[in-house]
Structure formats: C-alpha cells, structure tokens
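Hi,

Here is the structure I promised to pass on. Have a look at it first, and then read my notes below.

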Amino acid sequence: DDDGRSKKRDRSHDDDDRSRKRDHRHQDDDSSRSRKREHRYEEDDDRPKRREHQNDEDDDKSKRNRRSKSPEPQAPKEEPDFAPSGKLAQAANTINGTVSKYAEPADACVPDKRWRLYVFKLEKQHNEPLRIHRQSMYMIGREAKLADIRLENVSISKQHAVIQFRKRQVTKDDDSVETVIKPYIIDLGSTNGTSLCGNKVES
C-alpha cells in the first residue's frame, strides 16, 4: 500500500510538472505574440511619420519648382505713336514737291535772339553774314527746292546738314533753372560729313 501511494504521489508530481511546463510555454507564446504585436504597432506608428516626411519633401520640391518657374518680368507696354508714317509722313515732309530727310523735333522753336552766320572761304569772310533768327530750322545743301542756305560746291550733298534751334532747360550756378533757345548743327548723312570746331558731327 505504501508503494502504491508513493507511486500515486510521483504521478501527481509528474502531472504538476507537466502542467507547469505547459503554463510556461503558454506564457512564452503569449509574451512573444505580444512583442510581435507591439513591434507591429511601432511599425504602424512609423508609417504616418514617413508619410509626413515624404509630404514635406514634396512641398519643398513644389516650392523650388515655383521659384524656378517665376514669371518673367513683363516688358513695358509700347505707347501709342500718333506720328505720321509711310506715305503720310512722306507727304508731311514734302517741301516744294521734294521729300525732306529731316523732320523738326517737338522742342523746335524760333530763336528769341538775332543770330548771324558768318561764311568764310580760305580764311576770309565770304559775302555778308546770314541772318538765321527768323525761323526755327535752316537746311544747308545743294537742293534748290529745299535748301535755305544753298551751297554750290560739289563736296556738299543735296541735303547736307541742318541748323536747328531748340528750347532747353539750363541750370545756373545758383541752381535756378532757365529756359534758353540754342542752335544745333545736325548732319543728314552727307557724303563728306559735317565738322564743328574741327570735330566731325555724327549723323
């Protein structure tokens, strides 16, 4: 009987050990499953962060593209030009049936002083001085129908140059502004050119 009881006790101990091992296995399985779940949750938590980072990069790229594709500065609008052109301009510049190369500027003005033009030939005065204060512009050349000051020399072009009186604003030494009318010499693209005080005048 004692041997039977001891055997029963041993069997019960074996059963207890087996149940403990099973419980330990179950605990290990539960802990590993919970760890896997936590790891999955951590990965899932990282996904929105990655998406946010990707969105930030996309926003930066779009901003850079906008900066690189900045609109070009617009050219200033061309103001309307009501000046005559073509045949109308040619008709406006026609004098005595001959087309003039020159058209007076907007600031052309008849001089308020009595200007004189002295003509020299071989360092000697030639004829009487010319009065050039009665009109705003005097054309010099060989063209009889256009020239106000006609010169017959072959070195002179038909429409050689122009003496143009223009109204200008001049600042004095005391910083005050005065309106004056001054003469200007303008070459009309002549063959031999025009010189003023030894300096060639640009056409």
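Read from start to end, the protein chain runs α-α-β-β-β-β-β-β-β-β-β-β-β-β, which comes to two helices and twelve strands. Do keep in mind that this is a predicted model. Of the 203 residues in the protein chain, 17% are buried. Among contacts with a separation of 6 or more, 40% join residues 24 or more positions apart.

Let me start with the strands around β9. This strand (161-171) pairs with β10 (residues 177-187) in the antiparallel sense, over eleven bridges. The two make a hairpin with five residues between them, and D175 in that turn has a positive phi of about 70°. β9 also pairs with β7, again in the antiparallel sense, over four bridges. If you want to find your way around on screen, Q164 is a handy landmark: Q164 in β9 is the bridge partner of M137, and Q164 also stands opposite Y184 in β10. While you're at Y184, look for R166, whose charged end sits over the Y184 ring, 5.9 Å from the ring centre.

Next, the inside. The largest nonpolar core is made of eight residues: C109, I132, Y138, I140, I149, I163, F165 and I181. Two elements give two or more residues to this core, namely β7 (137-141) and β9. There is also a second, separate core of six residues, with Y102, L146, V162 and L188 among them.

F165 deserves a closer look. Is F165 buried or exposed? F165 has a relative accessible area of 0%, so it counts as buried. Leaving out residues up to four places away in sequence, F165 touches a long list of others, including D107, A108, C109, P111, Q135, S136, K182 and P183. W115 is on that list too, and this brings me to the aromatic pairs.

How many aromatic pairs are there? The count comes to one. The partners are W115 and F165, in a tilted arrangement with 6.0 Å centre to centre and 55° between the planes. W115 lies in the loop between β2 (98-99) and β3 (116-117) and F165 in strand β9, so the pair ties together parts that are 50 residues apart in sequence. W115 itself is partly exposed, at 31% relative accessible area.

H133 is another residue to click on. You'll find H133 in the loop between β6 (130-131) and β7, and at 12% relative accessibility it counts as buried. The H133 side chain makes a polar contact with the side chain of R114 (3.4 Å). Setting aside neighbours within four places in sequence, H133 is in contact with V110, P111, K113, R114, W115, R116 and Y138. So W115 turns up in the contacts of H133 as well as in those of F165.

Last, a couple of backbone oddities. Both L122 and C197 have a positive phi of about 55° although neither is a glycine. L122 is in the loop between β4 (120-121) and β5 (124-125), and at 76% relative accessibility L122 counts as exposed. C197 is in the loop between β11 (194-196) and β12 (199-201), and at 75% relative accessibility C197 counts as exposed too.

That's what I have for now.

Cheers

Key. Residues numbered from 1 in each chain as written. Predicted model: local features only at pLDDT ≥ 70, side-chain atom pairs only at ≥ 80, totals over all residues. Heavy atoms only, no water. Core = buried A, V, L, I, M, F, W, Y, C linked by side-chain atoms within 4.5 Å. Buried < 20%, exposed > 50% of the residue type's maximum accessible area, 1.4 Å probe, protein only. Contact = heavy atoms within 4.5 Å. Phe/Tyr/Trp six-rings, centres within 6.5 Å; stacked < 30°, edge-to-face > 60°. Lys NZ or Arg CZ within 6 Å of the ring centre and 35° of its normal. Polar contact = N/O pair within 3.5 Å; in protein donor to acceptor, adjacent residues only side chain to side chain. Pairing = 2+ DSSP bridges.
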